[in-house]
Amino acid sequence: MDVVVSKLKKGLKGEIIIPADKSISHRAVMFSSLAKGKSKITNFLYASDCRSTVGIFKNLGVDIEFIDEHTLIINSTGMLNTPNKALDCGNSGTTMRLVSGILSGQNFNSVLIGDESLSKRPMKRIITPLSQMGAIIESNDGKAPLKITGNKLHSIEYNSPIASAQVKSSILLAGMNADGITSVIEPYVSRNHTELMLKYMGANISVDKNKVSIEKSELIAKDINVAGDISSAAFFIVAALIVPNSDIIIKNVGLNDTRTGIIDVVQRMGGNLEILDERVVSGEKVGDLRIKYSDLKGCNISGADIPRLIDELPIIALLATQAEGETRITDASDLRNKEADRITAVVTEFRKLGIDIDELPDGFVIGGKQIIKGGNEVEVYHDHRLAMTLYVAGLIAEQEIKINEFQWVNISLPEFLSLMETLVIL
Ligand code: S3P
């Protein structure tokens, strides 16, 4: 599906409810499948990535029923069964990496496969620590397919070279099934949804700054209401900040401190963003956001900022094009390992639109106060976040732009176009 976007003549106005968080939706399905008993998951994200996770746990013998697209009932014995085919993770790195941790310690064998993009992504980052725990995983030179021979696991203390919630979660999930205390130490704290949800479901898990430890645990089935996804909200936040005369409210946004890097950056840049009605839902902080068109200034983004906004960097790079002065983003080399190489992809497609941006090995340098020319076609590289970033660029481009293969948006936010329509006044 190709989409043509043209410059908005008026600002964005009104209110939207942002759909559910992808990271939390995956975990809700995985952890409820591991818990003995019945759980109800409400406000589930019905997008391709999370549906891949549901498909896998159904294949592992868990009884999962959709009441409607956003409500699931999971009834589990707490035990998984031998799958009768390869488990398809689709485009989802979170599914492949977390499920590997779960399957390594089972008493059966399994194979994990993924689509073209996922089959190019690095899996050594989980194979190395899981193998140290006794896991037996064969791969295609560190990439999918992953052939897992179930084995008895033992604990480790792992100093992770990268701040990655997928790596951390994979090890913790394996640790839940291993003898002894398993610990993961990260250079910076990555998103902590696994820690919060496992704790909520009764696991023996503790956190001390950058170190998380877990012991053998049995989970208690609990109902989970999934918070809205700040990574999806990011596209609307930036659209409102850069389209003149905008003033919008985004409701039910997850405000977990390990995810709110974008809010800090917007405030650092002088953006008009207010947090309203903060509350806690199923152990996660949520709130409503009011965002208005703003005069912005460039800033530096690096170090501990990065894991707190890793998925928002493409849209933050676009935001920087509208700020006064230069923005420098560094320490983000892992962006090259996402659904696409997001550093090269952003630089290539932004330049096609007439944007001045320099590529660094670990980030970008973006000039401020730029006019986006447009008037051409752009590519999304099988990457949902790139598709949505380019769409928002189109809202301020001088001439319309055509985005090829926009359907990749379905990976995380099938409602993107309808939500945008709600806010656009023609
Ligand atoms: C995720 C963790 C992050 C993020 C991804 C989702 C998760 O990846 O980019 O979209 O749900 O744990 P890394 O752990 O590789 O940084």
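**View 1. The loop that holds N245, in a predicted model.** In this predicted model, N245 is placed in the loop that runs between α7 (230-242) and β17 (247-254). The phi angle of N245 is near 70°, which is a positive value in a residue other than glycine.

**View 2. The cis peptide bond between A144 and P145.** A144 and P145 are joined by a cis peptide bond, for which omega is about 0°. Of these two residues, P145 belongs to the loop between β8 (136-138) and β9 (146-149).

**View 3. The shell of residues around the ligand.** The ligand is surrounded by S23, R27, T94, S164, A165, Q166, R191, I310, D311 and K338, and by class this shell holds two nonpolar, four polar and four charged residues. Both α1 (22-34) and α5 (165-175) contribute to the shell, each of them with at least two residues. Seen by domain, at least three residues of the shell come from domain 1 (3-20 + 227-423), and at least three come from domain 2 (22-225). The space that the ligand takes is the largest pocket.

**View 4. Polar atoms beside the oxygen atoms of the ligand.** For S164, a polar side-chain atom lies 2.7 Å from an oxygen atom of the ligand, and for D311 a polar side-chain atom is found 2.6 Å from an oxygen atom of the ligand. With Q166 the backbone takes part instead, as one of its polar backbone atoms is 2.8 Å from an oxygen atom of the ligand. On its own the ligand has 390 Å² of accessible area, and the protein covers 95% of this area. S164, Q166 and D311 are also listed among the residues around the ligand in the preceding view.

How values were computed. Residues are numbered from 1 along each chain as its sequence is written. This is a predicted model: local features need pLDDT of at least 70, side-chain atom pairs count only at pLDDT 80 or more; totals for chains, interfaces and linings use all residues. Side-chain values use heavy atoms; hydrogens and water are left out. A residue is near a molecule or strand if one of its heavy atoms lies within 4 Å of it. A polar contact is a pair of N or O atoms within 3.5 Å; within protein, one must be able to donate a hydrogen and the other to accept it, and residues adjacent in sequence count only if both atoms are side-chain atoms. Accessible areas come from the Shrake-Rupley method with a 1.4 Å probe; for residues, only the protein chains shown count as cover. On a 1 Å grid over the protein atoms alone, a cavity is a set of points where a 1.4 Å probe fits but cannot get out, and a pocket is an open set with protein on both sides within 12 Å along at least five of seven lines; lining residues have an atom within 4 Å of a point. A molecule sits in a cavity or pocket if more than half of its atoms lie within 2 Å of its grid points. Helices (H or I, at least four residues) and strands (E, at least two) are DSSP runs, numbered from the N terminus. Ala, Val, Leu, Ile, Met, Phe, Trp, Tyr, Cys and Pro count as nonpolar, Asp, Glu, Lys and Arg as charged, and the others, Gly among them, as polar. Domain bounds come from an automatic or database domain assignment.
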